[in-house]
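Hi everyone, thanks for coming. Let me show you a structure you may not have met yet, and we'll walk through it together.

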Amino acid sequence: MELQLKGYGLTTAQILYRMPDHQALLQTYIWQHYDIAPDFPEMRSFLKFWQEKLDGPLHSVRYVHRKLISATEWRALKGELILH
């Protein structure tokens, strides 16, 4: 919740990469993390790690981002309703 209040939203990336032993075959990896649009520092950091440390070369990355909480969803309470 704290990250969401700081502007983070849920980012989901579909990563297609080539199999290290069979370059003609593509494999899918799904990555999800809280990140800040439009720079996406968390996703960029993960992709940098992938390229430096893992054997399967990246083919493509598709992503979606959803800010779960925005300023328009919060409002001041004007009254109170008590039942029973």
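I'll start with the overall layout, then go to the core, and finish with an aspartate and the loop that follows its strand.

Please keep in mind that this is a predicted model. The chain has two helices and three strands, and reading from the N terminus their order is α-β-β-α-β. There are 84 residues, and 20% of them are buried. The accessible surface is about 7,000 Å², with carbon and sulfur atoms holding 54% of that. If we take the contacts with a separation of 6 or more, 58% are between residues 24 or more positions apart.

Now, the inside. Which residues form the largest nonpolar core? There are nine: Ala13, Ile15, Tyr17, Trp31, Phe40, Met43, Phe46, Leu47 and Trp50. Two elements each provide two or more of them, namely strand S1, residues 9–18, and helix H2, residues 41–53. The top contributor is H2, with four residues.

Have a look at isoleucine 15, one of the core members. Leaving aside residues up to four places away in sequence, its contacts include Trp31, Phe46, Leu47 and Trp50, and also Leu58, Ser60 and Val61.

Next comes my favourite stop, aspartate 35, which sits in strand S2, residues 26–35. This aspartate is buried, but it has no salt bridge. How far away is the nearest side chain of opposite charge? That is arginine 44, at 7.7 Å. So what does the aspartate 35 side chain reach, going by a cut-off of 3.5 Å for polar contacts? One partner is the backbone nitrogen of glutamate 42, at 3.1 Å. Another is the backbone nitrogen of methionine 43, which lies 2.9 Å from a polar atom of that side chain. Beyond four places in sequence, aspartate 35 also touches other residues, including Gly7, Tyr8, Thr11, Phe40 and His65.

Finally, let's visit the loop between S2 and H2, where we find proline 38. The peptide bond joining alanine 37 and proline 38 is cis, with omega at about 0°. Phenylalanine 40 is in the loop between S2 and H2 too. Its phi is near 50°, a positive value in a residue that isn't glycine. Is phenylalanine 40 buried or exposed? It is buried, because its relative accessible area is 6%, under the 20% cut-off. Phenylalanine 40 is also on the list for the largest nonpolar core, and it is among the residues that aspartate 35 touches.

That's the tour, and I'm happy to take questions.

How values were computed:
Residues are numbered from 1 along each chain as its sequence is written. This is a predicted model: local features need pLDDT of at least 70, side-chain atom pairs count only at pLDDT 80 or more; totals for chains, interfaces and linings use all residues. Side-chain values use heavy atoms; hydrogens and water are left out. A nonpolar core is a set of buried Ala, Val, Leu, Ile, Met, Phe, Trp, Tyr and Cys residues joined through side-chain atoms within 4.5 Å. Buried means under 20% relative accessible area, exposed over 50%, partly exposed in between (1.4 Å probe, protein chains only). Contact means heavy atoms within 4.5 Å. Lys and Arg count as positive and Asp and Glu as negative; His and the chain ends are not counted. A salt bridge is a side-chain nitrogen of Lys or Arg within 4 Å of a carboxyl oxygen of Asp or Glu. A polar contact is a pair of N or O atoms within 3.5 Å; within protein, one must be able to donate a hydrogen and the other to accept it, and residues adjacent in sequence count only if both atoms are side-chain atoms. Accessible areas come from the Shrake-Rupley method with a 1.4 Å probe; for residues, only the protein chains shown count as cover.
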